[in-house]
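Here are my notes on this one, jotted down as I went through it. Have the viewer open while you read.

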Amino acid sequence: MSRKYNFCAGPAALPEAVLQQAAAELVDYQSAGLSIMEMSHRSPEIVAIAEKAEADFRELLDISNDYAVLFLQGGASTQFASVPLNLLGDKTAADYVNTGQWSKKAIKEAKRFADVNVVASSEDSNFTSIPAFDSWNLNKDAAYLHYTPNETIGGVEFMWTPEVDVPLVADMSSTILSRPIDVNQFGVIYAGAQKNIGPAGLTIAIVRKDLLGKSSSHCPTMLDYQTAADNDSMYNTPPTYGMYLAGLVFQWLKDQGGLAAIETINCRKADKLYHFIDTSDFYANPVEVASRSLMNVPFTLANADLDKQFLAESEQAGMLNLKGHRSVGGMRASIYNAVPEAAVDALIDFMKDFESRA
């Protein structure tokens, strides 16, 4: 079997070592006589898997006991509603930063529950930059401020953390575990798993404990962070296999040397690809240099009529899912943790060859 290079934005590449271990344990987990997918979530095996996954996740991000780590379902999109339902308390307003399509979706959903103040937006620049902090129109009465540190579609990333006087909430779906962060700067961090954590179906939330127990009376039980915290994320049957695979990814990251080591690799991969694009007259990246994503690299061809040919030939060459999001077009290479540096090298070689023949 020959595996191809997967540049999908999500569900994304998983480490091959993780897939091999999962395959070996798929039918009979550690001689238990059944698969993990068949085990009760109350069984000693699943409880042990969940506990180790949480412990390794905490170690990777240096998460203190001041925070609850919650294994949830529903994807990051469900958190668009969960956040205001849990954090508004006796307030009615919330601040949001609009830097792309996922910010816009979070804002739209939050408007169902809160008076949303968009403190800053880069929509007038087609979401190719991050608004300067000194231009933000913050509301002193906001219950929290929400932002999206990395916009998967537009390839725009915050390389700094906003400092505000209210709880800071971040949708880190496409940037979590790609580099070290200071969790203590945040009130809530949430992330869908299907980028750097594991397979689709699992969502992780990191919630500062003083923010628990403030949910709206309208908050469904299953969306209440307190419910998940009180029940060790097992109020109902959790995505057990997703938790297992996430745990394998966390161990893999530790084996790589942790987040500082993976950041070095990620920076090297991104620098290579951006440098090639910037020195070519045939390819272009629209994002302001200071706001370029480490994880998602959009690019266009000088002649858009060649897009279909580029995609067809790149797939034949073993490079998958390079088509840009339908809302922006062009190409996009998502180079998450599990995408090896060799994949980026192969992509650059293909791009050089394609340009020479165009």
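How do the residues lining the largest cavity divide into nonpolar, polar and charged? Keep that in mind for point 1; and remember throughout that this is a predicted model.

1. The enclosed space. The cavity search comes to one cavity of 30 Å³ or more. That largest cavity has a volume of about 70 Å³, and 14 residues line it, with A13, P15, K195, N196 and I197 the closest to its centre. As for the question above, the lining divides into nine nonpolar residues, four polar and one charged.

2. The domains. The chain is split into domain 1, residues 16–255, and domain 2, residues 258–357. Their centres, taken over C-alpha atoms, are 27 Å apart. On the contact itself, domain 1 puts in 26 residues and domain 2 puts in 24.

3. What the domain contact is made of. About 2000 Å² is buried between domain 1 and domain 2, and carbon and sulfur atoms give 58% of that. If you want residues to click on, try T128, I153 and S178: they supply 24% of the area that domain 1 buries against domain 2, more than any other three residues. Don't go hunting for salt bridges across this interface, though, as the rule finds zero of them between domain 1 and domain 2.

4. The largest pocket. Its volume is about 440 Å³. Of the 27 residues in the lining, W102, T152, I153, K195 and H325 are the closest to the centre. Two of these names have come up already: I153 is one of the three residues in the domain 1 figure above, and K195 is among the residues closest to the centre of the largest cavity.

5. Who builds that lining? Both domains take part, with at least three residues drawn from each of domain 1 and domain 2. Among secondary-structure elements, α3 (75–87), α4 (101–110) and β14 (331–334) each supply at least two residues. By class, the lining of the largest pocket has 15 polar residues, six nonpolar and six charged.

6. The second largest pocket. This one has a volume of about 360 Å³. Its lining counts 21 residues, and E54, V69, N231, D232 and S233 are the closest to its centre. Helix α2 (44–61), strand β2 (67–72) and helix α5 (225–230) each give the lining at least two residues. Here the classes come out as twelve nonpolar, three polar and six charged.

7. A salt bridge involving E54. Besides its place by the centre of the second largest pocket, E54 forms a side-chain salt bridge with R58, at 2.9 Å from N to O. Both residues sit in helix α2, four residues apart, or about one turn of the helix. Over the whole structure, the search finds 15 salt bridges.

8. A loop residue to look at. L223 lies in the loop between β10 (203–208) and α5. Which residues does L223 touch, leaving out those up to four places away in sequence? The list is T78, S82, L85 and N86. The C-alpha atoms of L223 and L72 are separated by 8.9 Å, although their positions lie 151 residues apart along the chain.

Definitions and conventions. Residues numbered from 1 in each chain as written. Predicted model: local features only at pLDDT ≥ 70, side-chain atom pairs only at ≥ 80, totals over all residues. Heavy atoms only, no water. 1 Å grid on protein atoms, 1.4 Å probe; cavity = no way out; pocket = protein on both sides within 12 Å on 5 of 7 lines; lining within 4 Å. Points joined across faces, edges and corners; volume = space filled by probe spheres on them. Nonpolar A, V, L, I, M, F, W, Y, C, P; charged D, E, K, R; others polar. Domains from an automatic or database assignment. Contact = heavy atoms within 4.5 Å. Buried area = accessible area lost by both parts, 1.4 Å probe. Salt bridge = Lys/Arg side-chain N within 4 Å of Asp/Glu carboxyl O.
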